[in-house]
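Student: Hi! Could you walk me through the side-chain contacts in this protein?

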Amino acid sequence: MINKRISISVTILTIVMTFMEMTALPAALFCNIQIRDIEPIYFSLMINFVLAFALCYVCRKTIIKEWNFGLQFQNIPNGLKKYGIPSLVATLIVAAAFYIGLSPFNNTPTIYRVIVEGVVYYIGVAIMEEIYLRGLLQNIIEKWFGIRNNAALFAVIISSALFGFGHIFGALGQPILTIICKAVWATALGIYFGAVYVKTRNLWIPIILHFIVDLCGIPFCFSKSNQYPTIGLVCCLSTYLLLGLYGIYIIRKK
């Protein structure tokens, strides 16, 4: 039976980190950095990531010392080789769809913007979301289910559904079809990342896979549009649903 103090502490930390990512608070209150053509909000978000990581580290060293996130460096290459190829293929397919759908490009960003908004920012996103979604939320839900059959599967599905729901807020202002599609494919991606975490118990592996998948958004740096092209929607939805099904397959595989 999981310790009640640990359970409450992990739940609160999950909620706080989720709030910090979705609102960019408190960094948005004092950070307004403008460098070249990089949008200031990205610096606010990344500073918030650092604050959230610091909070998580302090909690890990004090009130949840017993908690195991799975942030070990052993067997990362093996895990990526075994479960990561589908994410690489999916990223190439979706990136190609965005490239086609957004062409001809009407924006000429600096290399600094491409690096920060298209790469560095997504490193922070991958670490942040995998820590609180898999390392905290999925783990605590699985422990709540105890030794029941399919406890890990239920934890993956529940945490992934919440992950998909959270993407609704990030898509507000987009057409309703885009919002629905984004929530569905985020849920499917969550199932894939969660399943890989269950099979490897190494959080760095879904972090790396999450980052790889997010790289498909680089073509948006070269377009003034923030709307998903039709071919991009179709490819994202179909490709990520397949990743979700693959996740269910590997988690149920003996």
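Tutor: Sure, we'll look at salt bridges, charges over rings and aromatic pairs. Keep in mind that this is a predicted model.

Student: Okay, salt bridges to start. How many salt bridges does a search of the whole structure find?

Tutor: The search turns up 4 salt bridges. In general, side chains of opposite charge can pair when their charged atoms come close.

Student: Which side chain does Arg-5 meet in a salt bridge?

Tutor: Arg-5 pairs with Glu-66, at 3.5 Å from N to O. That pair links distant parts of the chain: Arg-5 is in helix 1, while Glu-66 is in the loop between helix 3 and helix 4, 61 residues apart.

Student: Is Glu-66 buried or exposed?

Tutor: Glu-66 counts as exposed because its relative accessibility is 57%, and the cut-off for exposed is over 50%. Arg-5, at 42%, counts as partly exposed.

Student: What about Arg-134, which side chain does it meet in a salt bridge?

Tutor: Arg-134 meets Glu-130, at 2.7 Å from N to O. Both residues lie in helix 6, 4 residues apart, which is about one turn of the helix. Arg-134 is buried at 0% relative accessibility, and Glu-130 is also buried at 0%.

Student: Where does the charged end of Arg-134 sit?

Tutor: The charged end of Arg-134 sits over the ring of Phe-163, 5.6 Å from the ring centre. Lys-143 has a ring partner too: Lys-143 lies over the face of Trp-67, 5.4 Å from the ring centre.

Student: Back to salt bridges for a sec. What does Glu-142 pair with?

Tutor: Glu-142 forms a salt bridge with Arg-201, at 2.9 Å from N to O. Glu-142 lies in helix 6 and Arg-201 in the loop between helix 8 and helix 9, so this pair ties together parts 59 residues apart in sequence. Glu-142 counts as buried at 17%, whereas Arg-201 is partly exposed at 34%.

Student: New topic: how many aromatic pairs are there?

Tutor: The count comes to 16 aromatic pairs. One of them is Tyr-192 with Phe-193, a tilted pair with 5.6 Å centre to centre and 45 degrees between the planes.

Student: Are Tyr-192 and Phe-193 buried or exposed?

Tutor: Tyr-192 is buried, with a relative accessible area of 0%. Phe-193 is buried as well, at 1%.

Student: And which residues do ring pairs link into a cluster?

Tutor: That cluster is made of Tyr-42, Phe-49, Phe-53, Tyr-121 and Tyr-122, linked by ring pairs.

Conventions
Residues are numbered from 1 along each chain as its sequence is written. This is a predicted model: local features need pLDDT of at least 70, side-chain atom pairs count only at pLDDT 80 or more; totals for chains, interfaces and linings use all residues. Side-chain values use heavy atoms; hydrogens and water are left out. Rings of Phe, Tyr and Trp (its six-membered ring) pair if their centres lie within 6.5 Å; planes under 30 degrees apart count as stacked, over 60 as edge-to-face and the rest as tilted. Buried means under 20% relative accessible area, exposed over 50%, partly exposed in between (1.4 Å probe, protein chains only). A charge sits over a ring if NZ of Lys or CZ of Arg is within 6 Å of the ring centre and within 35 degrees of the ring normal. Helices (H or I, at least four residues) and strands (E, at least two) are DSSP runs, numbered from the N terminus.
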